[in-house]
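Here is a quick walk through a protein model, starting with the fold and ending with a couple of spots worth a look. Have the viewer open as you read.

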Amino acid sequence: MTVTYEILEEFDGTRVLEMPDPENEGQTISTTDTVRNVKVKFTQDDIVHERMVNVVFDASGNYDEDATKVVCEQVAMGVETKIKVGVIS
């Protein structure tokens with residue numbers, strides 16, 4: 001069976017990260033980082049593998065969603081190979 005993928009976030013060039021606040025127990029600190037990737041979930045049967053995949057920009061520097069999906073498909077083929085040889089399980 002082939003590996004399917006799902007892009008888990010909408011790309012806008014930023015990602016909010018949260019971490020525990022070391023000075024206030026039970027509180028978190030949020031930071032916004034500039035990013036050039038999206039989190040993608042790859043699935044084959046009961047095997048699930050999540051990783052970041054670089055996005056693609058067009059000649060004008062704008063995010064190219066269709067080209068990014070092509071990259072995700074290419075990464076899915078690599079994930080499928082790694083599942084076959086047991087690197088991802």
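## The overall fold

Helices here are DSSP runs of H or I with at least four residues, strands are runs of E with at least two, and both are numbered from the N terminus. Keep in mind that this is a predicted model. On that basis, the protein has five strands and one helix. Going along the sequence, the order is β-β-β-β-β-α. The protein is more spread out than a compact globule, because its radius of gyration is 16 Å, well over the 12 Å that the globule rule gives for 89 residues.

The box that holds the C-alpha atoms, taken along the principal axes, is roughly 50 × 40 × 15 Å. As for what touches what, take the contacts with a separation of 6 or more: 43% of them are between residues 24 or more positions apart.

## Surface and charge

How much of the protein is buried? Buried residues come to 25% of the 89 residues. The accessible surface is about 6,300 Å², and carbon and sulfur atoms account for 47% of that.

On the charge side, the protein carries 8 positive and 18 negative charges. The mean positions of these two sets sit 8 Å apart.

## The S4–S5 hairpin

Next up is a pair of strands. S4 covers residues 37–44 and S5 covers residues 47–54; they run antiparallel, with eight bridges joining them. One pairing to find in the viewer is lysine 39, whose bridge partner in S5 is methionine 52. In a regular strand, side chains alternate between the two faces of the sheet.

The hairpin has two residues between its strands. Aspartate 45 is in this loop between S4 and S5, and its phi is positive, near 55°. Most residues other than glycine have a negative phi. Is aspartate 45 buried or exposed? Aspartate 45 has a relative accessibility of 57%, so it counts as exposed, given that the cut-off for exposed is over 50%.

## The start of the chain

Methionine 1 sits in the segment before strand S1, which spans residues 4–7. With 71% relative accessible area, methionine 1 is exposed.

Which residues does methionine 1 touch, leaving aside those up to four places away in sequence? They are Gln44, Asp45 and Glu80, so the hairpin-loop aspartate turns up again here. Glutamate 80 is 79 residues from methionine 1 along the chain, yet their C-alpha atoms are separated by 8.9 Å.

Notes
Residues are numbered from 1 along each chain as its sequence is written. This is a predicted model: local features need pLDDT of at least 70, side-chain atom pairs count only at pLDDT 80 or more; totals for chains, interfaces and linings use all residues. Side-chain values use heavy atoms; hydrogens and water are left out. The radius of gyration is taken over C-alpha atoms; the globule rule is 2.2 Å times the number of residues to the power 0.38. Buried means under 20% relative accessible area, exposed over 50%, partly exposed in between (1.4 Å probe, protein chains only). Contact means heavy atoms within 4.5 Å. Accessible areas come from the Shrake-Rupley method with a 1.4 Å probe; for residues, only the protein chains shown count as cover. Lys and Arg count as positive and Asp and Glu as negative; His and the chain ends are not counted. The place of a charge is taken as NZ of Lys, CZ of Arg, CG of Asp or CD of Glu. Two strands pair if DSSP finds at least two bridges between them.
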